[in-house]
Each structure stands twice: as C-alpha cells, then as structure tokens.
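Q: I would like to learn how to read metal sites in a protein model. Could you walk me through one?

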Amino acid sequence: MTLQPFPLERVKQLAIQCARAAGELSLERLQQPFQVEYKTSPSDLVTAVDREVERQVVQTILEHFPEHGILGEESTFKGRVEDYETLWVIDPIDGTTNFVHQQINFAVSIAVYQQGIGQVGVVYDPSRDELFYAVKDGGAFLGDRQLRLERQVKLEEALLCTSVFWNKRAEQMGIDQIVKKLAGKVRGMRLLGSAALEMAYVAAGRLDGYVSLSLNPWDFGAGRIIVEEAGGIVNQMTGEPLPFDRKSSVMACNPTFYEELRHYLREGVEIPPSPAEG
Ligand code: IPD
Ligand code: CA
Ligand code: CA
C-alpha cells in the first residue's frame, strides 16, 4: 500500500472553514431560546447548540476526509484513536458556561493530529470574529497577523490565567495554595472560562501564561499548536510533554519565564496523572 502525503493545506482550509461555520451557527442559535442541560452537575453544562454544532463540523469533515478519525467533546467518536493516522480533535463550544451566561468569551476549537503530532490548530471566537490558527512549522496567526512571542517577560511582569483556584482537586492537593503564592508574585491573574481562548491569548501575548490542573484533549488540542507555533512552551505541569488524546494538566507560557513558573508549580507538589474520566 502506498502512503499518501498528508494534505496539510487542504486540512488547514477545511479546519478554518469548519470553525467559521460552527461559530456562525452558534451565534445564530443565540438569537432564540435553546435547551440547556446539566452534564454531571449544575456547573457542568451542555446545550443543544453544542451538539448541533459538533454534528455539523463532523459531517463536513467526513464529507471531505471519510478515512479520518474524530474525537469530539460531545461523544461523536466511536472507534479507537489508535486506528486512525489522522485525528481531528474538536470542541464545538469551548466555554459553554460563558455561551449560556455571557454570550461572549466562547470559542470553537479544532485541531488535527497526524500520528500524534499536531499539524493544524484553529480557535475561532465568533462574537469578536477573531480567528487564531497555526500550522506545524508554518507559524501562528491571528487573522493575517503572524503571532510571535518575542517580548521578554519576567515572571513578576506576567499576566497569568488559571482555573486552578476553583478546582476541588487542587484544594485537596494543596495546589491552590501554590497558585495563591504565584498570584502574589506576578502582575495579575485572570480567569476567562475558555481554555482554548486563554491559550490563543497566550500566543497573542494578551496573556503571558495559562495553567490548568486538568483539561480534556479537545480543550487544549488546538491552543497548544497555536502557542507552540508562536514560540511559546506548552507542557504538563510536571514538565512532561502533553498527550494529544487524553486528559492532562497544562501549562502554556512565554518561554522567558517557563523555568521559573515550573519552579513555583513544582514546589512541594506531586501532580498525579489526571483520571481517565471526570
Ligand atoms: C471548559 C472550559 C474551561 C475549563 C474547563 C473546560 P467547556 O470547557 O475550557 O475554561 O476550565 O476545564 O471543561 O466545558 O466549556 O467546553
Ligand atoms: Ca472545552
Ligand atoms: Ca465544549
């Protein structure tokens, strides 16, 4: 069997097309009432729009690439990740709570991995019409503008973003205290409520770093490629490389203070691997 070369340009164009169409659909659905359900608790929401948007994205991808695998948040994926050379990793609405409450600060996140290596990452914020994307070895962009993390940032000048404060597991492990100490060291802390957008903002220099104790692959799949292509560093909080197909802690930042940030996060805490579910 002859292996076909990876169609990078076609995949990039399709990922952007899907992300824009998904964003438009979600904005359109905001014009009328929609069904909101609790997934596991009142703080874990899913809407009929999340499901509809994911269905639309999946259908479009499979029309063009029926041989590709798709790992989507709303349980689209039925096969085994390892059976596919090419895997699309999708979050139809990242920041569903913001979508329901604020109608801004949510994004579509689409990443494409080839044999586990990130090739294309797209994060689209429809309410601001901002498209962040990156192609492996091809750079990261916000619209037409190339994103490069060239500014030297000291940790004390950094604006960081984290969801760690409000995480029960962090509290049990004492990590909330470490992040609290970190908050006293940096210029400021933010929490936007959409990991994909927060990581895209790190690439754009609007934030200098992002830390999360546990994210799903569809939360960080695209953001990670965009930050890396902008020249940032993305790893697990332990310093190990991120997986592409399972839960993980995430730290993404400007490279100038990576080691210092790692030092703060490492101090006195062993971070166990994220559970498979939950
Ligand atoms: C959530 C957001 C949030 C992060 C959560 C995610 P969702 O995704 O990215 O910022 O802290 O861990 O689950 O549920 O809105 O797609
Ligand atoms: Ca998400
Ligand atoms: Ca989601």
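A: Gladly! Keep in mind that this is a predicted model. To read a metal site, begin with the atoms that count as donors, which for calcium means N, O and S atoms within 3.2 Å. Here the calcium ion (ligand 3) has as protein donors Glu73 (OE), Asp91 (OD), Asp91 (OD) and Ile93 (O), at 2.1 to 3.2 Å.

Q: How are the donors of the calcium ion (ligand 3) spaced along the chain?

A: Their pattern is E-x17-D-x1-I.

Q: Which residues are the protein donors of the calcium ion (ligand 2)?

A: Those are Asp91 (OD), Asp94 (OD) and Asp219 (OD), found 2.1 to 2.2 Å from the ion. The donor residues of this calcium ion (ligand 2) follow the sequence spacing D-x2-D-x124-D. Asp91 sits in strand β4 (residues 86-94) while Asp219 belongs to helix α7 (residues 217-229), so this pair ties together parts 128 residues apart in sequence.

Q: How far apart are the calcium ion (ligand 2) and the calcium ion (ligand 3), and which residue coordinates both?

A: The two ions are 3.7 Å apart, and Asp91 coordinates both of them.

Q: Are Asp91 and Asp219 buried or exposed?

A: To decide, look at the relative accessible area: under 20% is buried, and over 50% is exposed. Asp91 has 1% relative accessibility, so Asp91 counts as buried. Asp219, at 10%, counts as buried too.

Q: And is Ile93 buried or exposed?

A: Ile93 is buried, as is Asp91.

Methods
Residues are numbered from 1 along each chain as its sequence is written. Chains are lettered from A and ligands numbered from 1 in the order in which they are written. This is a predicted model: local features need pLDDT of at least 70, side-chain atom pairs count only at pLDDT 80 or more; totals for chains, interfaces and linings use all residues. Side-chain values use heavy atoms; hydrogens and water are left out. Donors are N, O and S atoms within 2.8 Å of the metal (3.2 Å for Na, K and Ca); water is not among the atoms, so sites may look incomplete. Buried means under 20% relative accessible area, exposed over 50%, partly exposed in between (1.4 Å probe, protein chains only). Helices (H or I, at least four residues) and strands (E, at least two) are DSSP runs, numbered from the N terminus.
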